[in-house]
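The exercises below are meant to be worked with the coordinates open. Try each task before reading its solution.

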Amino acid sequence: MKFSEPLESQRLSFLLEMATSREAAMWKVYVPKNPTNQDTDISPAQRDEVVRWLTDLHRRLQLYPGTLSLGISTLDRFLAIVKARPKYLRCIAISCYFLAAKTTEEDERIPALRHLAKNSCCGCSPSEILRMERIVLDKLSWDLHTATPLDFLHIFHAMVLSSRSQISAIVPGMNPSQHVYLLTRQLHHCLADHTLLQFKGSTLALAMVTLELEKCCPDWFALTADLLKKLQMDSSQLIRCRELVARRLSPHQAPTPPNTVYIYQPPPPPAPRDPRSTSRPEGAPTRPRPLIRPGWKPASAKRKVEEMEVDEFYDGIKRLYNEDSAPEGGGRRPSSRPRAGGPTAVRGGIPPGYT
């Protein structure tokens, strides 16, 4: 059933409030352990390895995405309060995953335990998995009802879509289901990185959604500010999480400096356009252009200028470098410039009036 706009917005706000309260009650700050003995302590690298193993198993079983997300969350909660040996790690992981499957999946989709133990190559028998299940449930007080990063990802994605009349305005060529699938794959990739456990699942989900908006939506910063207000989250935490997520998803991409501050500058209203005119009016928004990143190098002058909007391109470069009197055709020209009306990266402190 499709809700009307006010009712849908209220329902999403209610779901966000419920998920936030569950997260606040159960989430604990992740403290990396420096194992003193490889036989008695589980290292962060071993935790990441078993999460990647669960992700591969999940892809073969083709269960719901929520099953994997809940299984990883249950595993992390258990490891945070129990000191386990590495030789039991796969047994713990498969037990958490099997508990998650019985919690989220339909009865006919839950894999048989003996097939799960055999096909997963976990190295333990069905009876050992059942005994480990009981240990996990006892340590977690038989409460698996927690808010996972995937829950927040779905809520934030729906909130963004509710503020847009068409999905094509956000992601051209994708419907909502395809876009959520793409973000879910990225989230599962990030869950295998223990450095991101220092952030709440809500912060991780919001960082991924805003990074996606930055690539395809000109007013992404305004949408981010609105989501931050609804979540009542510290912007500094979001910026740090965005940097780590961007590095995780794009290892070869230069990260943003840690003292970067994003400032939103609203674009000027477009001038009225004559219906008989075919030219673009002055001040009208152009297609989104990438921001200039630290460590950026200008492109070669041999690039074909026919592929660019020459007048707008060169005028913007002269304004950027205060070279209004620079001769034409001299030196190299950068391949992009900051978009008018978009966020700009500022080094140093925050100017008065901004947060």
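## Exercise 1: The buried side of a helix

Task: identify which residues of α8 are buried, what covers them, and whether the helix has the expected or an unexpected length.

Solution. In this predicted model, the buried residues of α8 are His 179, Leu 183, Thr 184, Gln 186, Leu 187, His 188, Cys 190 and Leu 191. The next step is to look for what lies over them: the cover includes α2 (44–61), α3 (65–81) and α7 (149–162), together with α9 (201–216) and α11 (235–249). For the length, helix α8 covers residues 176–191, which is 16 residues, and at 1.5 Å a residue these should span 22 Å. The end C-alpha atoms are 22 Å apart, so the expected span and the modelled one agree.

## Exercise 2: The chain as a whole

Task: describe the order of the elements in the chain, and state what share of the residues is buried.

Solution. Begin with the count, which gives 12 helices and 2 strands. Reading from the N terminus, the order is α-α-α-α-α-α-α-α-α-α-α-β-α-β. Of the 355 residues in the chain, 40% are buried. The accessible surface comes to about 20,900 Å², and carbon and sulfur atoms contribute 54% of that area. Turning to contacts with a separation of 6 or more, 75% of them are between residues 24 or more positions apart.

## Exercise 3: Salt bridges and their setting

Task: for the pairs Glu 105 with Arg 109, Arg 134 with Asp 138, and Asp 226 with Lys 230, find the distance between the closest N and O atoms and then consider the surroundings of the residues.

Solution. A search of the whole structure finds 8 salt bridges, and the three pairs are taken in turn.

1. Between Glu 105 and Arg 109 the closest N and O atoms are 3.1 Å apart. Glu 105 has a relative accessible area of 6%, so it falls under the 20% limit and counts as buried, whereas Arg 109, at 32%, counts as partly exposed.
2. For Arg 134 and Asp 138 the corresponding distance is 3.4 Å. Because these two residues are 4 apart in helix α6 (residues 126–139), about one helical turn separates them. Asp 138 is partly exposed, with a relative accessible area of 41%.
3. Asp 226 and Lys 230 have their closest N and O atoms 3.5 Å apart, and both lie in helix α10 (residues 220–231), 4 residues apart, or about one turn. Asp 226 is partly exposed at 37%, and Lys 230 is likewise partly exposed at 38%.

The general reasoning is that an α-helix has 3.6 residues a turn, so residues three or four places apart point the same way. Salt bridges can also be linked, as in the network of Arg 47, Asp 48 and Asp 76.

## Exercise 4: How far to trust the coordinates

Task: decide which element of the chain has the lowest mean pLDDT and which the highest, and locate stretches where pLDDT is below 50.

Solution. The mean pLDDT of the chain is 75, with 64% of its residues reaching 70 or more. Among the elements, strand β2 (residues 344–346) has the lowest mean, 40, and helix α4 (residues 89–104) the highest, 96. Over residues 283–294 the pLDDT is below 50, and this stretch has 27 contacts in the model beyond near neighbours in sequence. Residues 296–314 also stay under 50, with 30 contacts beyond four places in sequence. Where pLDDT is low, the predicted coordinates should not be read in detail.

Technical notes: Residues numbered from 1 in each chain as written. Predicted model: local features only at pLDDT ≥ 70, side-chain atom pairs only at ≥ 80, totals over all residues. Heavy atoms only, no water. Buried < 20%, exposed > 50% of the residue type's maximum accessible area, 1.4 Å probe, protein only. Contact = heavy atoms within 4.5 Å. Areas by Shrake-Rupley, 256 points an atom, 1.4 Å probe, with all protein chains shown as cover. Expected span 1.5 Å × (residues − 1). pLDDT = per-residue confidence, 0-100. Salt bridge = Lys/Arg side-chain N within 4 Å of Asp/Glu carboxyl O.
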